[in-house]
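Let's take a walk through this one together, from the whole chain down to a few single residues. Have the viewer open and follow along.

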2 protein chains.
Amino acid sequence: MFRHHSQPLVTAPAETAVLALLLAEGPLSRVELARRTGLSSTAVTKAARPLIDDGYLYELPPERTAPGAGRPVNPLAVAPDREYFIGLKISADRLFGAVCDLRAGIRATAVRPLGECTPEAVARLVAELVDELLDTEPAFRDRTRHLGAAVNGDVDRESGRLRHSGLLGWRDVPLAELLSASTGLSVTVENDVRALTVAEHWFGEGIGTGYFALVTIGAGIGSALVVNGRLLRGAYGVAGEVGHLCVDPNGPLCWCGARGCVEAIASTDAILASVRHDTGDGNLAFDEVVRMAREGHPAAGGAFARAGNAIGVGIAALVNLVGPERVVVSGEGVDAYDLLGRHIQEAYAAHAFGAASRCPLSLRPLPWEEWARGGAAVAIQALFPQYTATPTAGSG
Amino acid sequence: MFRHHSQPLVTAPAETAVLALLLAEGPLSRVELARRTGLSSTAVTKAARPLIDDGYLYELPPERTAPGAGRPVNPLAVAPDREYFIGLKISADRLFGAVCDLRAGIRATAVRPLGECTPEAVARLVAELVDELLDTEPAFRDRTRHLGAAVNGDVDRESGRLRHSGLLGWRDVPLAELLSASTGLSVTVENDVRALTVAEHWFGEGIGTGYFALVTIGAGIGSALVVNGRLLRGAYGVAGEVGHLCVDPNGPLCWCGARGCVEAIASTDAILASVRHDTGDGNLAFDEVVRMAREGHPAAGGAFARAGNAIGVGIAALVNLVGPERVVVSGEGVDAYDLLGRHIQEAYAAHAFGAASRCPLSLRPLPWEEWARGGAAVAIQALFPQYTATPTAGSG
């Protein structure tokens with residue numbers, strides 16, 4: 001059986017701390033690394049040595065901070081091209097792939113339409129897409145060992161199984177194993193919103209924050225939360241379900257069975273259904289509803305106002321309960337942010353409690369390749385032992 | 001100036017892990033300790049040695065697990081009487097104190113009415129209460145060095161300052177410093193709900209859980225959350241504010257300025273106001289409202305139903321976002337749980353998303369001395385370096 005799991009690159013805590021800091025923040029001197037990690041200078045030098053020898057780190061030319069400021073220092077930096085990672089986003093109708101370097105910089109992208117949507121067919125298509133990506137540069141093929149797949153649904157990252165995906169209609173699929181078998185790479189699978197959050201936390205707006213949240217809006221309303229630097233997973237695998245907070249006891253029924261969920265008011269489908277109902281025109285498309293709202297149509301404008309309000313109340317709940325340092329709002333729904341934004345911000349401001357209102361919301365439009373980059377970020381994390389799955393009996 | 005901070009008892013990670021496990025779970029063999037902490041047997045033995053020498057741990061008589069099962073093992077246990085801790089709860093009208101042993105067992109309690117409620121007057125009263133408590137047994141005075149104070153409001157545990165307490169009407173009070181000066185003990189101050197949660201997490205229903213939540217109902221609706229074994233504090237000091245989630249856009253206005261907060265529907269005052277409004281009787285007392293509801297009065301019953309529903313929706317939001325392993329419901333409001341419980345459970349079940357519904361709610365009626373015990377639990381935590389405040393310029 002295929003061993004789909006990654007071997008961590010670093011195992012000693014000191015190496016882990018040094019590499020993680022350089023990955024997230026760019027070049028730093030050994031003195032700065034020692035200060036930031038709490039390690040001694042000797043320990044930093046010792047930890048960096050094998051990573052320099054392996055080509056993951058290198059020394060920048062010496063720089064003198066000020067004339068006569070003592071002996072020159074050589075900052076350490078990550079060599080981004082030392083290793084490449086395939087990031088993958090499996091959406092309902094397309095497969096997005098990216099080659100990323102060690103610092104999650106996108107180096108090549110590719111996309112394929114999904115035809116037959118069985119796990120086996122997708123695994124074959126992934127192999128083709130990976131081949132296409134690795135063929136774009138010889139170095140990619142030589143230095144790519146890991147693939148990270150971002151996928152809608154309930155994922156057990158440790159075992160690499162997709163427990164359930166409503167969007168794909170899959171249930172209990174050993175996805176890491178399938179993709180590892182078809183591509184020959186070690187594979188990590190993660191829920192797509194969590195993968196995006198990892199990318200934003202390590203390489204984007206969340207750098208350096210201990211508490212961080214990303215909320216996605218669009219076809220679904222989701223979020224993922226980072227607490228003390230780690231993704232919140234929930235004791236039962238459920239966490240960050242901002243889309244299923246009840247914000248209105250008289251609100252519409254949600255597909256989940258509950259009434260008044262944020263998602264039942266604010267998803268693309270919910271907005272569309274509301275305007276179709278109010279106008280009596282059951283054939284309206286979402287694009288038309290957006291256009292109508294921009295042109296000042298009251299029913300369409302009202303639906304976006306209610307949606308923005310529900311999202312803002314949901315984000316306020318998240319901020320009041322968990323206390324992130326900042327919240328990034330993303331997802332395909334931000335295309336209509338001109339219609340939603342003011343309502344989101346107003347509801348958030350009205351319901352954020354006390355000092356929690358200091359937590360800024362920032363908007364991050366993410367094209368689809370950024371989701372694939374999320375997959376790559378998860379694969380990069382797998383270089384670190386605390387993020388690497390422990391092989392299980394069924395998959396080792 | 002007084003140095004109110006504790007010195008941690010253990011500093012090495014191995015000692016910390018061994019002592020924490022024995023405190024929470026009771027006697028364990030060295031083999032079991034090694035397995036549970038991930039340390040080698042040698043490391044466990046080495047870590048336990050100074051704690052045995054200092055009298056914090058002792059060896060139980062050897063026990064043989066089964067005939068012929070190898071050499072006998074001496075389980076290690078915490079000596080609960082090695083050190084005592086004063087726990088304190090400062091409520092609006094009374095001061096509750098307790099002497100607790102190392103495993104947070106209550107050994108003596110005392111209570112005083114609060115007269116003048118200035119910080120200085122309370123500090124003097126605390127000194128009298130502590131004297132009374134320490135006089136109950138000579139060993140208490142000999143072996144008590146730490147006091148933990150649980151207090152309503154926004155507390156900065158690290159600096160020992162109470163930033164703001166609505167209940168006490170205090171703002172920016174250096175409470176740890178004041179209490180340390182008046183009692184001569186090292187002092188840790190914590191928000192009362194968080195202190196109660198620490199006690200429940202280390203020594204109660206939460207033992208062994210990585211994700212845990214405690215919700216208090218009554219005059220206010222609050223909660224505190226434990227994630228990966230640590231209290232959630234929030235980047236801006238705000239977290240666990242389940243009382244200020246908006247659950248009804250048409251709900252009553254809350255004192256915080258927002259509309260439809262759980263607390264505006266479900267606090268004791270909110271229930272009372274609702275029944276006074278519906279009956280037109282502005283002189284009703286809460287006890288009467290409880291009695292009326294128990295006797296089937298529709299307005300009173302309806303107010304409790306709405307309150308229970310709001311609390312259940314709030315707990316579901318907490319569970320959907322954070323994913324605790326279990327939720328404990330407590331606070332003086334549980335006295336009316338016969339009127340609230342069914343509505344809380346029904347709303348929670350209706351709004352918990354997917355597998356999150358497996359998270360059990362359990363009820364824990366807590367008399368006031370348990371809140372004081374929460375303070376003692378915080379003082380016990382201060383034996384560990386990760387929970388000990390770093391002295392600041394103003395307080396060291």
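A word on vocabulary before anything else: "contact" here means heavy atoms within 4.5 Å. Helices (H or I, at least four residues) and strands (E, at least two) are DSSP runs, numbered from the N terminus. This is a predicted model, where local features need pLDDT of at least 70 and side-chain atom pairs count only at pLDDT 80 or more, while totals for chains, interfaces and linings use all residues. Residues are numbered from 1 along each chain as its sequence is written, chains are lettered from A and ligands numbered from 1 in the order in which they are written, and side-chain values use heavy atoms, with hydrogens and water left out.

Start with chain A as a whole. You'll find 13 helices and 15 strands in it, and its C-alpha atoms fill a box of roughly 75 × 50 × 40 Å along the principal axes. Of its 396 residues, 56% count as buried, meaning under 20% relative accessible area (exposed is over 50%, partly exposed in between, with a 1.4 Å probe and protein chains only). Among contacts with a separation of 6 or more in chain A, 61% join residues 24 or more positions apart.

Now hop over to chain B and its helix α9, residues 268-279. Its 12 residues reach 17 Å from first C-alpha to last, close to the 16 Å expected at 1.5 Å a residue; that expectation is 1.5 Å times one less than the number of residues. Which residues of α9(B) are buried? They are B:T268, B:A270, B:I271, B:L272, B:S274 and B:V275. An α-helix has 3.6 residues a turn, so residues three or four places apart point the same way. The cover over the buried residues of α9(B) includes α8 (262-266), α10 (286-294) and α11 (298-322) of chain B. Right after α9(B) comes B:G280, with a positive phi near 75°.

Back in chain A, look at two residues. A:W202 sits in helix α7 (residues 192-203), and it counts as buried because its relative accessibility is 10%. A:R103 is 99 residues from A:W202 in sequence, yet their C-alpha atoms are 9.0 Å apart in space.

A:H297 lies in the loop between α10 (286-294) and α11 (298-322) of chain A. Is A:H297 buried or exposed? Neither quite: at 30% relative accessibility, A:H297 counts as partly exposed. Leaving aside neighbours within four places in sequence, A:H297 is in contact with A:T279 and A:M292. A:D192 is 105 residues from A:H297 along the chain, and 34 Å separates their C-alpha atoms.
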